[in-house]
Amino acid sequence: MENLWRLATAQDPNPEDYQGIEFWSNPERTGWLTKQGDYIKTWRRRWFILKQGKLLWFKDPTAAAPSGIPRGVISVSDCLTVKGAEDVLRKPSAFELSTAHSTMFFLADSDKEKEDWINSIGRAIVQHSRSLADNEVVDYDSSRR
């Protein structure tokens, strides 16, 4: 039933969103998080992987094999903020990840796990924004000739 719902609402990620990312090999961070659904606001425990500027999630660690298909993918290039959200959700170890179009909520197993995920995702956001800035170098001297 869940698979039918995912197909009907086009929730499966586009393969181009994770193409070329060997998420099963040497990820930057992995672990369990409980994620609030996008449409039906239920909480589900999922296996998350952060690698190469992508946050991917799977039903469980065995689904994150080379032949696995993520249940969702977020590019850190789309992320604006990642911060604690205990005050918003009134739940311990909660945090949120915001893009221009939506805010996703997560629950970690402990405050330390929450802080580790916030730091890892935050670092990935900064690294991605730096790589974009490096590619957009403007040569001011060339206009002075």
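Two strands are taken to pair if DSSP finds at least two bridges between them, and helices (H or I, at least four residues) and strands (E, at least two) are DSSP runs, numbered from the N terminus. The structure is a predicted model, in which local features need pLDDT of at least 70 and side-chain atom pairs count only at pLDDT 80 or more, while totals for chains, interfaces and linings use all residues. Residues are numbered from 1 along each chain as its sequence is written, and side-chain values use heavy atoms, with hydrogens and water left out.

Strands β6 (residues 94-99) and β7 (residues 103-107) pair in the antiparallel sense over five bridges. Serine 98 stands opposite threonine 103 in β7. Both strands belong to an open sheet of seven strands with antiparallel pairing, in the order β4-β3-β2-β1-β7-β6-β5. The edges are formed by β4 (72-75) and β5 (79-84); each has a single partner strand, so one side of each is left without a neighbour in the sheet.

The largest nonpolar core (buried Ala, Val, Leu, Ile, Met, Phe, Trp, Tyr and Cys residues joined through side-chain atoms within 4.5 Å; buried means under 20% relative accessible area, with a 1.4 Å probe and protein chains only) has 19 residues. Those with the most contacts inside this core are Leu55, Phe95, Leu97, Trp117 and Ile121. Two or more residues each come from β2 (43-51), β3 (54-58), β5, β6, β7 and α3 (111-135). Helix α3 gives the most, with five residues. Another core, of nine residues, lies apart from this one and includes Ile21, Leu56, Phe58 and Val73.

Note on methods:
Buried means under 20% relative accessible area, exposed over 50%, partly exposed in between (1.4 Å probe, protein chains only).
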